[in-house]
Amino acid sequence: MMNGRRKSDRPVVATKPANKAGELVTVVNEPVAERVERRGLAKGKPPRQNTNRAQDRAIVQSELGRIRQAAVKDRKVKFTSLMHHIYNLSTLREAYYGLKRDAAPGIDGERWRQYGENLESNLEELAARLRRGAYRAKAVRRVYITKDDGRQRPLGVTALEDKLVQRATVTVLNAIYETNFLGFSYGYRPGKGQHNALDALYTALLTRKVNWVLDGDLSSFFDSLDHEWLIKFIEHRVADQRVVRLIRKWLNAGVLEEGQWTCSEEGTPQGGSASPLLANIYLHYVFDLWVQHWRKTKAKGDVIVVRWADDFVVGFEHQSEAEQFHEELAERFAKFKLKLHPEKTRVIEFGRFAVNNRKRRGQGKPETFNFLGFTHICGQTRSKRMFTVLRRTMSKRKRAKLKEIKTELRQRLHDRVPEVGRWLRSVVAGHNRYYGVPSNLGSLSVFRFHVGRAWYRSLRRRSQKTRLTWERMRRLINLWLPRPMLHHPYPSRRFGVIT
């Protein structure tokens, strides 16, 4: 005691500690470097309220957390009451804000901003229809995009309310199925991207005994997915028939193309919010679980697997096992009305011993394979002492992108140079961000050069008496087109951190 007062009775003076205060005691769930006392409210000020969207996110995450805990606790439990989570206003509102603002409208012609003008009343009316079973799915508007090989890929443009309900349903079902999906499945899953799959493949090829690779692809997978098998797979974990009927409505909604409505007992339109999850559920039971069982019971050597949607790579130590797996996989897929693409699916010799083995047999260099936009090549490190996997931008992807840029440059022929420069800068920067991986700087430089040359030719077409020289063009290129740079570390570093 001092001056008649105990030490604990003194007023406490809180001060902000310096950043990176390593010697201070860490408070639970609060970083030491930024710990500071919260300032009190000014006199007469009411406490700040969270926005509706922030509150909704907390509510939705809390509900999903309880579902996820139940799914983890018992991986065979069937969920009998899920529908009320879907037509919950918080879930629907959160789903609405998760939609793309500038997406093309479906057959209803409704756009995101237009729907949001009376958002609360629209969501309440939609929730009421879902609650009493009056919700009806609209047909999907079909459009086509050109693939790298020149063929047309069908895409489905879903009506806005259908997108909204599908996204809400996917949010709820992800809490269940993310506990079931296996680690080598990467496609369209929360928190997993294409470079995670590429990292896993690269690391496995370097660290495991892989001498043969099956580069697999399914033929027209999204158009061949069988509805009845899909419903059976979903009912393994979802016993709420209202949710099952909801999924059936999307599958049976049909496709509207040039004014003609068609419906099929197979397929789910690419482009819908629910299609990626439904595809993953289908392949989880048809492919993932079967592969997991096969390599545990039949494989004598190492087997690696990486799958992104319907595109997958399987590596083997022994050639006989690779060929056996290929044959049995074709039979497995045929049972579920799927078919391996005859041209894109093949077994090749690939790995650290492939170069020497093929050279000894007089067969030339090992073949390459493509996965997620990259061509994978057997190579060596700069010191020529160790095996590595070289990854280059796929030639088809590069040519297709350059063709797209040339077409757009014709449309922008008379736009101002700074406007075209800003657009090209965003295109080249986006290309670099995806393809900027170690050993691919050469491909990035070639891409930048061809973009600059296409821009040069476009500018020279603006006038018959142009005085644009290549020296001046080089200054424009250096000003507007980003230089090649690596945006991704070596896969072994990043993969080792996240796993």
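How many bridges join strand 9 to strand 10? I should like to open with that question, and I note at once that the model under discussion is a predicted one. The answer is 3 bridges, and the two strands run antiparallel, with strand 10 covering residues 374–380. One pair can be named: Phe371 has Phe374 in strand 10 as its bridge partner.

Before going further into that sheet, allow me to introduce the protein as a whole. The protein has 499 residues, of which 44% are buried. It contains 18 helices and 11 strands. Among contacts with a separation of 6 or more, 70% are between residues 24 or more positions apart.

Let me return to the sheet from the opening. It is an open sheet of 3 strands in the order 9-10-11, with antiparallel pairing. Strand 9, residues 369–371, and strand 11, residues 387–393, are the edge strands, each pairing on one side only. Neighbouring strands of this sheet are turned by 40 degrees against each other on average, with direction ignored. Helix 7, residues 194–207, packs on this sheet and touches strand 9, strand 10 and strand 11. The direction of helix 7 makes about 150 degrees with that of strand 11.

I turn now to another sheet. In what order do its 4 strands lie? The order is 6-7-3-8, in an open sheet with antiparallel pairing. Here the edges are strand 6 and strand 8, each of which pairs on one side only. The twist averages 15 degrees from one strand to the next. Strand 6 and strand 7 run antiparallel and are joined by 6 bridges. Within that pairing, Ile304 has Gly315 in strand 7 as its bridge partner. Helix 7 appears here as well: it lies across strand 3, strand 6 and strand 7, and runs at about 165 degrees to strand 6.

The loop between strand 6, residues 303–308, and strand 7, residues 311–316, holds Asp310. Is Asp310 buried or exposed? Asp310 counts as buried, because its relative accessibility is 18% and the cut-off for buried is under 20%. Leaving aside neighbours within four places in sequence, Asp310 is in contact with Gly216, Asp217, Leu218, Phe221 and Leu283.

Two further loop residues deserve a mention for their backbone angles. Ser220 has a phi near 50 degrees, a positive value in a residue other than glycine. Ser220 sits in the loop between strand 3, residues 212–217, and helix 8, residues 221–224. With a relative accessible area of 44%, Ser220 is partly exposed. Lys337, too, is a residue other than glycine with a positive phi, near 65 degrees. Its place is the loop between helix 12, residues 319–335, and strand 8, residues 346–349. Lys337 counts as partly exposed, at 47% relative accessibility.

Let us now consider the helices, beginning with helix 5, residues 119–132. This helix has 14 residues and reaches 20 Å from its first C-alpha to its last, close to the 20 Å expected at 1.5 Å a residue. Which residues of helix 5 are buried? They are Leu119, Leu123, Leu126, Ala127, Arg129 and Leu130. These residues cover an arc of only 160 degrees around the axis, so they lie on the same side of helix 5. The elements covering these buried residues include helix 2 (83–86), helix 3 (89–98), helix 4 (112–116), helix 6 (160–177) and helix 10 (241–251). Just after helix 5 comes Gly133, with a positive phi of about 80 degrees.

My last topic is a pair of helices. Two packed helices are described by the angle between their axes and the distance between the axes. The axes of helix 14, residues 395–411, and helix 15, residues 417–435, come within 12 Å and cross at roughly 170 degrees. Helix 14 is therefore roughly antiparallel to helix 15, a description that applies to angles over 145 degrees. On the side of helix 14, the residues that meet helix 15 are Arg397, Lys401, Ile405, Glu408 and Leu409. Helix 15 contributes Val420, Trp423, Leu424, Val427 and Tyr435.

In closing, I would recall helix 7, which packs on the sheet of strand 9, strand 10 and strand 11 and also lies across strand 3, strand 6 and strand 7. Thank you for your attention.

Methods:
Residues numbered from 1 in each chain as written. Predicted model: local features only at pLDDT ≥ 70, side-chain atom pairs only at ≥ 80, totals over all residues. Heavy atoms only, no water. Pairing = 2+ DSSP bridges. Axes fitted to C-alpha atoms, helices over the stretch in contact; angles between N-to-C directions. Contact = heavy atoms within 4.5 Å. Buried < 20%, exposed > 50% of the residue type's maximum accessible area, 1.4 Å probe, protein only. Expected span 1.5 Å × (residues − 1). Arc of directions from axis to C-beta. Parallel < 35°, antiparallel > 145°, perpendicular 65-115°, else oblique.
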